[in-house]
Amino acid sequence: MLLDRRLLRNLDHSLVFGVLALCLVGSVIVFSATRGGIGPGSSQDPLYFVKKQVAAFVLGSLACVAILTMDYRLAEKAHRVLYVGNICLLALVLVVGHRISGAQSWFRLGPVAVQPSELAKVALILTLAHHLAEAEDVTTRRGLVLAFAHAAIPAALVLLQNDLGTALVFGGITFAMLYVAGAKAKDLLAVLAAGALASPVVFFFLLKDYQRARLLAFLNPYADPTGTGYNVIQSTIAIGSGRFFGKGLFHGTQAQLNFLPAHHTDFIFSVIGEELGFIGAVAVLALYGLVLWRCVRAAACAKDAFGRLVATGVAAMLLFHVLVNVGMTMSLMPVTGIPLPFLSYGGSSLMANLIAVGFVLDIYMRRQKILF
Amino acid sequence: MPESTVQQRLKHVAYVIVAVLVVLASRLWYLQIMRGDAYEALSQGNRVRVIPVPAPRGKILDRNGVPLVTSRMAFSVSIVPQDVPDMEATVARLAPILGMPPERIREKLAAPRRPFEPIRLKTDVDPAVVTTIGEQRTDLPGVVVEEIPVRNYVYGDFASHLIGFIREIDASELKSYKEKGYRPGDLIGKVGIERVCEDYLRGVDGGEQVEVNSLAQPIKVLGSLAPVPGSDVVLTIDERLQAAAERALSEQLEALSKSPKTRNARAGAVIAMDPRTGEILAMTSKPAYDPNMFVGEVSPEDLKFLSSTPSPQPNRATSYAYPPGSAFKVITTLAALERHKVTMDDRFVCTGRDPESGKLCWTAERGRGHGKQDLITGIANSCNIVFYELGRRVGIDDLAMYARMFGLGRPTGIDLFPGDASGLVPDRAWKRLNFKGYDQRWYPTETLDVAIGQGALLVTPLQLANVYATIAAGGMVHVPEVVRRVVSPDGRVMREFPPKVAGSVNVSRESLDILKQGLAKVVSEGTAAAAFTGFPVPTAGKTGTAQNPVGDSHGWFAGFAPLDHPEIVVVVLVEHGTGGSLAAAPVARKVMDAYFGLDREKPETPGSGTGAEPGPGPAGSAQDMPGAGLAPSGTERPPISR
């Protein structure tokens, strides 16, 4: 018996439901967005993208179940392997990686492209949780600096891939975990303030031209409505025109007629807004609310600091993705190109998220300190 | 860290989660509920385009229904600027395909348009160009190929001044035609019938509502509004007679310009008119242009031709006024008869020189005169001595009055664009108004000049045709007409144009009879006799040789036939033709031949034995006539309808 029946009784059914529901919605919307082919001239199998997405879901679910059979603390024991392996993979992708739309973030493995930065997020959560649980007091400056340094190395490698969005996710995860780990609020605020002060330097000297243009387009998308502002304008139109009940599944003109770019990946929420309306979009947000709440709850009941921090990190990662991605589709956030968890087409992302949820489920399932 | 603080901090994380979700949901509320209708309109605008479907322009037909101007389908290349992501690249790619300089394309793109309306870059492009654009479709987003009707001038430079042409509407026209629904890029009649009948010919454009994708490629048609084709305009022109006039004048000009004496004869005009109605049966002006050149872009060669001399642009039949020369003597004659300044018993002696003024007759260069003549012989000889005397007797005041009664000195009122010229009838008042000091005086010799159609007197060929039509019709003055009726595409007659009477000239029957007698003698044994040798129909006519200060004399002929019941007036002008008898009368003869069906080498007799040979009348065989098969039993051409 791999999995103890008594443990299964403690499985968080709400979290499982939330994630499954999101994955289901994701598959349906990916189908809607890709059934006519993406872009002109593509005449593929209408189920091509859905099939790949479902395959990733199955693989991710298997990984999830595998995690449940083990105690999550095994991951803590493997922290060194995880951290070094993570950095090696991120470094390797810079050397032999495959470039897709500006970011060198993919390994090509036969027909599939794997994005190590997606898994790197989960790896960071695990290693940082160990670091924070075992490390010196993060209320000291030294502890804080070490913690940031721990996150900074993989984040820097991701930045080198030109993946600003994912690097920012690393930052969000780190802040949330530090906060729950007990870092002083004013220290964290000071770091944020320093970041804000440094942002002009980053903006003018470190960002690539297209990243700068995207940020400017966020401030005023109509400055270049057919260029950098195009995505945001079309996405806003798609969502706004969905109105209360939406245009109906498969009937979103913006997405179906390809006005909306990347509508099966980064802009999938726009399709939801257009086709399922306010009702559907809010329902999706509610599902995220449920998943996030269960993650925070898992953190609150975790039997040790490591589990608590891992659950917190997963919650922070998912929240950050939702905020930046959904915000981007509604012109609340700049276009950074990070996917919407469980919904956006993309196997690496879906599998990484399912693995992350696997840990949260495991943490919750094994929450009792006294065993039987 | 105490457990309670940890729980506290997790609670804060939960608050942040709630805050984020609330912010996102609020934004959804704002976009979808508060601004939903505005965004819906935007998404509609994104995907729905209205593509105008131009209405086919009405045909222009001759009086028997022979199509002179039709519409044919042609490919046109347009661009929807809103759908072009990179205009520079698109223009650079498109320019060589269309064979247009990029600046020209940019010029067209600069014109103000409504959003998403295609801007037409080139009309009537080669099918090969369409294929090329189709192949590069994905590299040319926003470039559309439409099939639109364009003008087809069936016979090329045939009655082209009369028919005119259409071109893209210009800015000033746009201002005055805006309330009629014209938009930039629309075609509009610029000259001739195309212009004056614009409202009938134009029709109402339709539109097609199509759903497009993000590359502006049509996905499906949502709805369409069929265009209403323009109405057909039936002219008074007879295609066969017009063709004869075109040919006769062209051949004559070619022949004349080859001879050293008449090498400057390179332009002219012919008018044929029905004196009973004022209908123009043929009107040609040479040199002429082919209006087909205005479909699409005018080529550099065509532009060069249009600005060559003698200019092919003006309609010499209506727009230019010339001294009429001896052709004017009909008015001098009538004025003298009506004012009782001459009788049939009067005799005039021509020695080649007018004894009172010292002015010469045209025979003087041959060193002799016409001798003793009566009025009729004077007309037949076109003797200047006789008409100096008549002019002296009548005086300039009455001479000018009769000239004006016959419609000279003002436009005839023909509905054409550009309108016809006024010409000039000089008299004392004219001199007072237009000259200074001693020059204001009217000199007696000026009266003599007017009496023989010289001096400051100027008439257009159309005015002269109208004068002869008035004489032929017994004094009735018509407004010359070129349009018979307008017929809707479903065959309904929308408007008839009945003959328009402008007034009548108060001249007695006797005077007219005397004049006609003289004019008949001109043709039978006078100055036009050589040209009309063997012409079976009794004909009246007058030649004219109009001296002009800028070059060789102009040659005129004006006449009508049959003498007793005139059906046709023909006026021929040959610029710098040196003489009416030589240059103009032979052209008139050919036109008359065609009208009376005598232009066959040997008229075919119908084999069916239905009876009579076509007599001297408006009938003849016509095996090359379009629609000849419709004629009853045989090859006889239907007479020119009236």
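A residue counts as buried here if 20 or more other C-beta atoms lie within 10 Å of its own, with C-beta atoms placed from the backbone. Keep that in mind as you look around this predicted model, which has a chain A and a chain B.

**The two chains**

Here is how the chains look side by side.

| Chain | Helices and strands | Residues and buried share |
|---|---|---|
| Chain A | 15 helices and three strands | 372 residues, 51% buried |
| Chain B | 20 helices and 23 strands | 642 residues, 47% buried |

Contacts that reach far along the sequence are part of the picture too. In chain A, take the contacts with a separation of 6 or more: 70% of them are between residues 24 or more positions apart. In chain B, among contacts between residues at least 6 apart in sequence, 70% join residues at least 24 apart.

**A helix to start with**

A good place to begin is helix α8 of chain A, residues 164-181. Is α8(A) mostly covered or mostly exposed? It is mostly covered, since 14 of its 18 residues are buried. Its length can be checked as well: at 1.5 Å a residue, the 18 residues of α8(A) should span 26 Å, and the end C-alpha atoms are indeed 26 Å apart, so the two values agree. Step just past α8(A) and you meet G182(A), which has a positive phi of about 105°.

**Two helices side by side**

Two packed helices are described by the angle between their axes and the distance between the axes. Now turn to α5 (residues 79-96) and α6 (residues 116-134) of chain A, whose axes come within 9 Å and cross at roughly 150°. Angles over 145 degrees count as roughly antiparallel, and α5(A) and α6(A) are therefore roughly antiparallel to each other. The crossing of α5(A) past α6(A) is left-handed. On the α5(A) side, the residues making the contact include L82(A), Y83(A), L89(A) and V93(A); on the α6(A) side, among them are A120(A), A123(A), L124(A) and H130(A). By class, the residues of this contact are ten nonpolar, five polar and no charged.

**Where the chains meet**

How many residues does each chain give to the contact between chain A and chain B? Chain B gives 34 residues and chain A gives 42 residues. On the chain B side, the elements that give two or more residues are α1 (3-34) and α2 (36-47). The largest share there, 18 residues, comes from α1(B). This side of chain B has 19 nonpolar, ten polar and five charged residues.

Technical notes: Residues are numbered from 1 along each chain as its sequence is written. Chains are lettered from A and ligands numbered from 1 in the order in which they are written. This is a predicted model: local features need pLDDT of at least 70, side-chain atom pairs count only at pLDDT 80 or more; totals for chains, interfaces and linings use all residues. Two residues are in contact if their C-beta atoms, placed from the backbone, lie within 7 Å. Helices (H or I, at least four residues) and strands (E, at least two) are DSSP runs, numbered from the N terminus. Ala, Val, Leu, Ile, Met, Phe, Trp, Tyr, Cys and Pro count as nonpolar, Asp, Glu, Lys and Arg as charged, and the others, Gly among them, as polar. Axes are lines fitted to C-alpha atoms, for helices over the stretch in contact, and angles run from 0 to 180 degrees between N-to-C directions. Angles under 35 degrees count as roughly parallel, over 145 as roughly antiparallel, 65 to 115 as roughly perpendicular and the rest as oblique. A crossing is left-handed if the near helix is turned anticlockwise from the far one by less than a right angle, and right-handed if clockwise. A residue is buried if 20 or more other C-beta atoms lie within 10 Å of its own, exposed if 12 or fewer, and partly exposed in between; C-beta atoms are placed from the backbone. The expected span of a helix is 1.5 Å times one less than its number of residues.
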